Amino acid sequence: RELRVEEVEQRVDKYADAALRAKEAGADGVEILCSHRLLPAQFLMSDSNQRQDRYGGSFENRARFSGEIVSRIRERAGENFLISCRIPGDEYPEGGYTRQERDIFVKLLEAAGTDIFSVSVVVSRRIINILPMAFPRGALVYLAEEVKGITDRPVVCGSRINDPMLAEQIIQGGKADFVGMARALV
């Protein structure tokens, strides 16, 4: 069912509460997953958000939930706490999320207080929502590079980077500031 507005606001508070607990436990920051069809991405994507209130309709309204999460975390945790947002750089295969919307999203999240952008991809909900290992190594680096071109905040590149030499080339080439690896380290 669609969340009532007061339930959306409660979830924003729960994100901020969790971030504050992380800070109190000694963490330097948190990463908000605004991608991979998790709750912030469900608000963001037009194919999953059919709301008719301030959290639906226009792209700016659909992005509001993520922006409010970041703002509330910044408000509660303060300036000396890193907030990273993992954002979709594009949608694969093409669908309802565009790179122009991504650029708007980056600026909205910057204004809300995001310190770092970690760039991923939205995989269409018609297929499994994880980038298949059949993708070539570094296939999505260009998305991080595009985000790096529109923000002065550090950009993390991930997805199908499983070779330290490739990671070094990406950083040395100025395509990203950091490289994230997950499956490669398992």
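In what order do the elements of the chain run from the N terminus on? The order is α-β-α-α-β-α-β-α-β-α-β, which amounts to six helices and five strands. The model is predicted.

**Overall dimensions**

The C-alpha atoms fill a box of roughly 50 × 40 × 30 Å along the principal axes. The radius of gyration of the chain is 16 Å, and this agrees with a compact globule because 186 residues packed in that way would give a value near 16 Å. Of the 186 residues, 44% count as buried. The chain has an accessible surface of about 9400 Å², and carbon and sulfur atoms account for 52% of that area. Among contacts between residues at least 6 apart in sequence, 67% join residues at least 24 apart.

**Pockets**

The two pockets are set out below by volume and by the residue classes of their linings.

| Pocket | Volume | Nonpolar lining residues | Polar lining residues | Charged lining residues |
|---|---|---|---|---|
| Largest pocket | About 380 Å³ | 10 residues | seven residues | three residues |
| Second largest pocket | About 180 Å³ | three residues | four residues | three residues |

The lining of the largest pocket is made up of 20 residues, and those nearest its centre are Arg86, Ser159, Arg160, Ala182 and Arg183. Two strands, β3 (116-123) and β4 (155-157), each supply at least two residues of this lining. The largest contribution comes from β3, with three residues.

Around the second largest pocket, the lining includes Arg1, Glu2 and Leu3. Leu39, Gln42 and Phe43 also belong to this lining, as do Ser48, Asn49, Gln50 and Arg51.

Terms used. Residues numbered from 1 in each chain as written. Predicted model: local features only at pLDDT ≥ 70, side-chain atom pairs only at ≥ 80, totals over all residues. Heavy atoms only, no water. 1 Å grid on protein atoms, 1.4 Å probe; cavity = no way out; pocket = protein on both sides within 12 Å on 5 of 7 lines; lining within 4 Å. Points joined across faces, edges and corners; volume = space filled by probe spheres on them. Helix = DSSP H or I, 4+ residues; strand = E, 2+ residues; numbered from the N terminus. Nonpolar A, V, L, I, M, F, W, Y, C, P; charged D, E, K, R; others polar. Rg over C-alpha atoms; globule rule 2.2 N^0.38 Å. Buried < 20%, exposed > 50% of the residue type's maximum accessible area, 1.4 Å probe, protein only. Contact = heavy atoms within 4.5 Å. Areas by Shrake-Rupley, 256 points an atom, 1.4 Å probe, with all protein chains shown as cover.
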